[in-house]
Amino acid sequence: MSKFLFSLLLLSFSLFAAEEHATMSLSRASNKLVVTINHDEGWHTYWKNPGDAGIASVFKFSANGQPLSAKAYEWPLPEKHIEGGDILTIGYEGKQHFFFDDLPGTIDAHIAVLICKDICIPGE
């Protein structure tokens, strides 16, 4: 078992981007690309259908400046919130993982989110 974990660690990579109020990371493990968003307490980002307000989170991949298509697996189950003014929003808090088919070679990832609490801040 320990050899398997060691091999998995050798085959994995991880990149981190710290944004205000969330940390985003990209890792490669078990033939999947994994995007992790870890939100600060009380902050949230949006699901692919953000509800009455907000902007959907976007995940894009490329290599050598050329866009790549990576099949997305089912997104985590979002939460519904009623915000000021009776506005329904749908999104994520805490630590969330998004899975995509792995892509060969060296890739670039662009992750765009709207991070919100009392105000909203674009994050990449």
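**Close-up views of the predicted model**

**View 1. The β7–β8 hairpin.** Strands β7 and β8 run antiparallel and are joined by 5 bridges. The model shown here is predicted. One pair in this ladder sets I82 opposite L88 of β8. The hairpin of β7 and β8 has 3 residues between its strands. What sign does the phi of G85 take in this hairpin? The phi of G85 is positive, near 80°.

**View 2. The three-stranded sheet.** Here 3 strands make an open sheet, ordered β4-β8-β7, with antiparallel pairing. Strands β4 (45–51) and β7 (79–83) each have a single partner strand, so one side of each is left without a neighbour in the sheet. From one strand to the next, the twist averages 45°. β4 meets β8 (residues 87–92) in the antiparallel sense, over 3 bridges. Within that pairing, G51 has T89 of β8 as its bridge partner. On the β7 side, 5 bridges link β8 to its antiparallel partner.

**View 3. Surroundings of Y92.** Y92 sits in strand β8. Is Y92 buried or exposed? Y92 counts as buried, because its relative accessibility is 1% and the cut-off for buried is under 20%. Leaving aside residues up to four places away in sequence, Y92 touches H39, W43, H44, T45, Y46, W47, W75, P76, L77, P78 and F98. Two of these contacts, T45 and Y46, can be placed by the range of β4 (45–51). N38 offers a distance check: 54 residues separate N38 from Y92 in sequence, while their C-alpha atoms are 9.6 Å apart.

**View 4. The four-stranded sheet.** A further open sheet has 4 strands in the order β6-β5-β10-β11, paired antiparallel. Which strands stand at the edges? They are β6 (66–68) and β11 (120–123), and each pairs on one side only. The twist here averages 25° from one strand to the next. Inside the sheet, β5 (residues 58–63) and β10 form an antiparallel pair over 5 bridges. One of the matched positions is F61, whose bridge partner in β10 is A109.

**View 5. The R28–D102 salt bridge.** Side chains of opposite charge can pair when their charged atoms come close. How many salt bridges are counted in this model? The count is 1. D102 pairs with R28, with 2.7 Å between the closest N and O atoms. D102 lies in the loop between β9 (95–101) and β10 (108–116), and R28 lies in strand β2 (residues 22–29), so the pair ties together parts that are 74 residues apart in sequence. The two partners fall into separate burial classes. R28 is buried, because its relative accessible area is 15% and buried means under 20%. D102 is partly exposed, with a relative accessible area of 26%.

**View 6. The C116–C120 disulfide.** C116 and C120 are joined by a disulfide, with an S to S distance of 2.1 Å. The model's disulfide count is 1. What is the hand of the link between C116 and C120? The link is right-handed, with 115° about the S-S bond. Burial is given for both ends. C116 counts as buried, at 1% relative accessibility. C120 counts as partly exposed, at 42%. The ranges of two strands place these cysteines: β10 spans 108–116, and β11 spans 120–123.

**View 7. The whole chain, for orientation.** The protein chain holds 1 helix and 11 strands. Where does the helix fall in the order of elements? The pattern along the sequence is α-β-β-β-β-β-β-β-β-β-β-β, with the helix at its start. The chain has 124 residues, and 34% of them are buried. How much of the contact set is long in sequence terms? Of the contacts between residues at least 6 apart in sequence, 61% join residues at least 24 apart. The accessible surface comes to about 7,800 Å². Carbon and sulfur atoms account for 57% of that area.

Conventions: Residues numbered from 1 in each chain as written. Predicted model: local features only at pLDDT ≥ 70, side-chain atom pairs only at ≥ 80, totals over all residues. Heavy atoms only, no water. Buried < 20%, exposed > 50% of the residue type's maximum accessible area, 1.4 Å probe, protein only. Contact = heavy atoms within 4.5 Å. Areas by Shrake-Rupley, 256 points an atom, 1.4 Å probe, with all protein chains shown as cover. Disulfide = S-S within 2.5 Å. Pairing = 2+ DSSP bridges. Axes fitted to C-alpha atoms, helices over the stretch in contact; angles between N-to-C directions. Salt bridge = Lys/Arg side-chain N within 4 Å of Asp/Glu carboxyl O.
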